[in-house]
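The following exercises ask the reader to work through a protein model step by step. Each task is followed by a worked solution.

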Amino acid sequence: MIKISCILPINKDFKYLNQSIGSILNQTYQNFELIILLNTDNHRIYQKILKFKNKDNRIRVFKKFKGNLSELLNYGISKARGEYIARQDSDDISDKKRFELQLKWFQEKSKHHKVKILCGTNGHLINSTGVKIGNIKFLKFSHSEIKKGLTFSNCFVHSSVMINYKFL
């Protein structure tokens, strides 16, 4: 059974697409599927995606040309077969241990958290050559800070989130 379904929507951003997809396919934890949602009819992007798909059977590609990002992500969730849902954007690069560490967090027993629903990570801003140029500033670190922060805004880096599917 697939443990993680990673959902990657693609609209127009394809400058970093190779690095984004590569960062998922090269995860140290390998029991996942990569659901690529094409929200564009750009033939060049589709051909690029097919090259990845032909090399790795964990990739599933769906075309959906209507709807906003929320609708597209919900469509991707409906296609997911994993116990956990991970997010990735086409211009983001994940650390190679992302899935391994997030899954470990979900599976660790905790006396403070009987149910673990969502896990997010820190993020860095990088330039086109991969050099770190800054940090994402709005992150909360403690459980109480996150709970308080969610009252007013999103305090997660969207494309770093992993969610326990049974709570969706």
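A residue is called buried when its relative accessible area is under 20%, exposed when it is over 50%, and partly exposed in between (1.4 Å probe, protein chains only). Helices (H or I, at least four residues) and strands (E, at least two) are DSSP runs, numbered from the N terminus. The model is predicted, so local features need pLDDT of at least 70 and side-chain atom pairs count only at pLDDT 80 or more, while totals for chains, interfaces and linings use all residues. Residues are numbered from 1 along each chain as its sequence is written, and side-chain values use heavy atoms, with hydrogens and water left out.

**Exercise 1. The sheet**

Task: State the order of the strands in the open sheet of six strands and identify its edge strands.

Solution. Step 1: Two strands pair if DSSP finds at least two bridges between them. Step 2: The order is 3-2-1-4-8-5, and the pairing is mixed. Step 3: Strand 3 (59-63) and strand 5 (118-119) each pair on one side only and are the edge strands.

**Exercise 2. Strand 1 and its partners**

Task: Describe how strand 1 pairs with strand 2 and with strand 4, and explain why strand 1 is described as largely enclosed.

Solution. Step 1: Seven bridges link strand 1 and strand 2 in the parallel sense; L8 has I36 of strand 2 opposite. Step 2: Strand 1 also runs parallel to strand 4, with four bridges between them. Here I4 stands opposite Y84, and S5 has I85 as its bridge partner. Step 3: On one side of strand 1, I4, C6, L8 and I10 are buried, and on the other S5, I7 and P9 are buried. Step 4: Because seven of the seven residues of strand 1 are buried, the strand is largely enclosed by the rest of the structure.

**Exercise 3. From strand 4 to strand 8**

Task: Determine in which sense strand 4 and strand 8 pair, and decide whether N164 is buried or exposed.

Solution. Step 1: Both faces of strand 4 are covered, with Y84 and A86 buried on one side and I85 and R87 on the other. Step 2: Strand 4 pairs with strand 8 (residues 162-164) in the antiparallel sense over three bridges. I85 is matched with I163, and Y84 with N164. Step 3: N164 has 6% relative accessibility and therefore counts as buried. Step 4: Leaving out residues up to four places away in sequence, N164 is in contact (heavy atoms within 4.5 Å) with E83, Y84, F106, K116 and I117.

**Exercise 4. Helix 1 and the nonpolar cores**

Task: Explain why helix 1 (17-25) is described as largely enclosed, and name the elements that supply at least two residues each to the largest nonpolar core.

Solution. Step 1: Seven of the nine residues of helix 1 are buried, so the helix is largely enclosed by the rest of the structure. These residues are L17, S20, I21, G22, S23, I24 and L25. Step 2: Their cover includes strand 1, strand 2, helix 2, strand 3 and helix 4. Step 3: A nonpolar core is a set of buried Ala, Val, Leu, Ile, Met, Phe, Trp, Tyr and Cys residues joined through side-chain atoms within 4.5 Å. Step 4: The largest such core has 23 residues, and I10, I21, L34, I36, I49 and F99 have the most contacts inside it. At least two residues come from each of strand 1 (4-10), helix 1, strand 2 (32-38), helix 2 (43-55), strand 4 (84-87) and helix 4. Step 5: Another core, of nine residues, lies apart from it and includes I7, F62, L72 and A80.

**Exercise 5. Around G123**

Task: Locate G123 in the chain, and decide whether G123 is buried or exposed.

Solution. Step 1: G123 belongs to the loop between strand 5 and strand 6. Step 2: Its relative accessible area is 13%, so G123 is buried. Step 3: I93 lies 30 residues from G123 in sequence, and their C-alpha atoms are 9.8 Å apart in space.
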